[in-house]
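Trainee: I am new to this structure and would like a close look at a single part of it. Please take me through that part slowly once we have it in front of us.

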Amino acid sequence: MASIQLEGVTKRFGRVVAVQGLTLHVREGELLTLLGPSGCGKTTTLRLVAGFVTPEEGRICFGTRDVTHLPPEHRNVGIVFQNYALFPHMTVAQNVAFGLEVRGIATSQVRSRVSEILERVQLRGLEDRYPHQLSGGQQQRVALARALVINPQVLLLDEPLANLDAKLREEMRFYIRDLQREFGITTIYVTHDQAEAMVLADRIALLRDGVLQQVAPPEEIYRRPQSRWVADFVGLCNFLPGRVLGREDGLLVVDTPAGVVRCSGAVEANRVLVCVRPESLRPHLGGRNRIVGVVRERTFLGNLLDLRVACPAGLMLRVQLSPSEDARPGEPLQLEFRPEDAWAVAEDS
Amino acid sequence: MAHAAELGRRELRRPLWSVRPAVLLLLPAGLFLVVFFLVPYLNMVRMSFLTKAQGAAFTNVMTLENYLRVLGDAFYWRVIGRTFWLAGLATVFTVLLGYPLAYAIARASGPRRPILLMLLLAPLLVGAVVRSYGWMILLGRVGLINQMLRALGWREAELMYNTLGVLIGLVHVYLPFMVLAVAGALEQIQADVELAARSLGASPWRTFWRVTWPLSLPGVFSGGILVFVLALSAYVIPILLGGNNVLVMPMLVVQMLLDAFNWPLGSAMAMVLFGLACAVLWAYVKVMNRALRWIPR
C-alpha cells in the first residue's frame, strides 16, 4: 500500500497537451475518482500512473519511491480497463494466475491464491470458462480479481462500469467500494459519470482540458464548488450574477437582478455568481432570500417536479420541488433559499 | 400496430423469387465455379478411372490400374514426399520471415502503414513467371550473387536448380499471403490486453510470448493453409528454379498429361495429390482447432 503523488506532471501528444502541470496527492488507502468530460486527460493521467506513458515534465511517486521512469511491469500496479482487457485465450483461472506466474510464484501457491480471490469475487466454479463465455458483470469481476491477486500497491480503474447495463452498474458501484475498503488499497478511479464518482469517492479530482480544477470530498465539490465550471459540471445549478455589497455574519450580501440575497462563499472578487442548486429553491422557508417568478414549464419526473421559472431581468431558474408542492405553468411562484445553500464564485472563474 | 401488421403481411406475400436475395448474389460466382471448375474436375475424376488407349487419349473402360501404378511406385512416393516437404518448408519460412514484417505493418502508424503495405503487395503485380526469371538472374551460375562471390575471390555457390532455389522462389512469391493473414490477426488484438500483461508484471518479451503470439495464431494458421496449398500446387517456380533436379507432383502431372499424353494416369496422379493434401489439411485443422479452442464459435 502506498500513497500516489503526482508533482507538476505534464504530458503532451504532439501538440496536444493531455495533462498540464498536474499536482495531485492520493492518500494511502484512499479512493480518489478522476472526474471530467471526455478528453479532459483523466485516462492519460491513469496511464501515466500505470507507466504506459511517461511524462515530459514532473514526477510520479508511490510513497517515497520515484516511479516516473519505471516500466509498468516493475510498478506493481493493478489495473481494470474499461473493456476489461481479459486475455481471450486464457481461462478465468489462467487470467487470474498470470500475474502470479510471471512473478515466478510456485504453482501450488498460485493455485491457492487464485481460488482464494475467485471466492472473494464470487466466481468459484467458473475457473475453466473462457472470457467470451462470461457475462459482462462476470468479466468485470475476473478483471478485478486479476488486478487484486498480485497485491498491488495501487489499484487503477478506468471507467470499469461503463460497459455494464444500468442496474448492474449500480450494484457494482457498491461492490467495488466494499472491495476497495476491504483491501484498503490506494485507488484511482476514472469516470465521467458524476453519480458514480459521488457514490464511490473519498475525494473527487475534477479535470478539465488537462488541468486540475478542484480536489475535495464529493459533498464539498457539490456544495462548495471552486468555480462556475465545477458548479456547472457537477449536478444542476442556477447562477445569479451579482455585485458584492458587503459581508454580514460571515455571509456575503449580493445585489442580483432578482433582488439582494445573502449567501456563503469564499471569494475576494466583487463580481460574483451565486450558485443555487434547483433543489435548494423552496416555496416557503421564511428566510430573507426571496425571488418571485412565474412558472413557465413543468415536467413530472416521478419523485420530483422539474420547473422552469421566469424571474426578473430575464433570469430563468431551474427548480425541483417535491410533487406535493405542485405549481402549474402560468402561476406566480415565490421561491426562497437558505444562505448556507447558496455559494458564490467569482464571475470570471 | 396496424402498420406493423401490414408490413408483416406484405413480407409474407412477397413473390418467391425475392425471398432470398443472398442466393441470387451467390449465383454468378456459383455458376462460374460449376462450369469452369466443378465440371472439369469431375471429368478428371472420371478420367482417372479410365484406360489409356493407343492413338487416343483414353477408352471408356473402367480400371483401378492408374491408381495402383501411382501408389505402388516408390518413385512417385519420393516425389510426393518432396512436394509436401517443400510446401511445409515454404510455410515455415514464410512464417519466420513474414511474422516480423506483419508485426511492423500492424503496429505502424501514420503514413508508414500504407507504404509498407504497398511495398508488400507490389510484387503481386508481377506474375510468378517473371519473378522466377528475376531470381534466375540473381541466383544463376553467372548470376549477380555468384559474380559478386567470384569478384570477392570466394567459391561459387549452388543457388539454383536445387531445393534451395525452389524454396527461395516459393517463399518469395507466397510471403505476402502469410504477412496479410498475420497482420490481420495482429490488428485484431486489443492494445489494452498487452498493457494489462505489462501491468501484471510481464516484460515486453514475455508479453509477446504469452499474449501477442498466441492471440496471433489464428492468422498464422490461416496464412499457413494458404501458403501450404499454394506451394503444394506450384508448377512454374519449381520448373524454372529447380529445373529437372527438383521434381514435384504438379510437374509430373503436367508431363504425364502433355508429354506422355497419358490422361488417365495424369488424372490419377492429380487425384492422389489432392487426396493426400485433403488428409494433411484435415489433420492440420484438427490441431489448429485444439490450439484455438478459446475462440468463440
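How many residues does the contact take from chain A and from chain B?

Mentor: Please keep in mind that this is a predicted model. The contact takes 19 residues from chain A, while chain B gives 18 residues to it. On the side of chain A that touches chain B, the elements giving two or more residues are β6, residues 77-80, and α2, residues 92-101. Sorted by class, that side of chain A has 13 nonpolar residues, along with four polar and two charged ones.

From the contact we can turn to a sheet in chain A, where four strands form an open sheet in the order β17-β16-β15-β18, with antiparallel pairing. The edges of this sheet are taken by β17 (316-321) and β18 (332-336) of chain A, and because each of them has a single partner strand, one side of each is left without a neighbour in the sheet. If direction is ignored, neighbouring strands of the sheet are turned against each other by 45 degrees on average. Strand β15 of chain A, which covers residues 290-300, runs antiparallel to β18(A) and is joined to it by five bridges; V292(A) stands opposite Q334(A) in β18(A).

Within the sheet, strand β16 of chain A (residues 305-310) holds L307(A), a residue that is buried because 25 other C-beta atoms lie within 10 Å, where the cut-off for a buried residue is 20 or more. Leaving aside residues up to four places away in sequence, L307(A) touches V295(A), E297(A), R298(A), V319(A), L321(A) and A327(A). Between L307(A) and S322(A) there are 11 Å in space, C-alpha to C-alpha, and the two are 15 residues apart in sequence.

Chain B offers a pair of helices to set beside this sheet: helix α9 (residues 191-199) of chain B and helix α10 (residues 204-232) of chain B pack at an angle of about 140 degrees, and their axes are 10 Å apart. The helices α9(B) and α10(B) are therefore oblique to each other, and α9(B) passes α10(B) in a right-handed crossing. On the α9(B) side the residues that meet the partner helix are V193(B), E194(B), A197(B) and R198(B), and in α10(B) they meet T207(B), R210(B), V211(B) and T212(B). By class, this contact of α9(B) with α10(B) has three nonpolar, two polar and three charged residues.

Definitions and conventions. Residues numbered from 1 in each chain as written. Chains lettered and ligands numbered in written order. Predicted model: local features only at pLDDT ≥ 70, side-chain atom pairs only at ≥ 80, totals over all residues. Axes fitted to C-alpha atoms, helices over the stretch in contact; angles between N-to-C directions. Parallel < 35°, antiparallel > 145°, perpendicular 65-115°, else oblique. Left-handed = near helix turned anticlockwise from the far one by under 90°. Contact = placed C-beta atoms within 7 Å. Nonpolar A, V, L, I, M, F, W, Y, C, P; charged D, E, K, R; others polar. Pairing = 2+ DSSP bridges. Buried ≥ 20, exposed ≤ 12 C-beta atoms within 10 Å, placed from the backbone.
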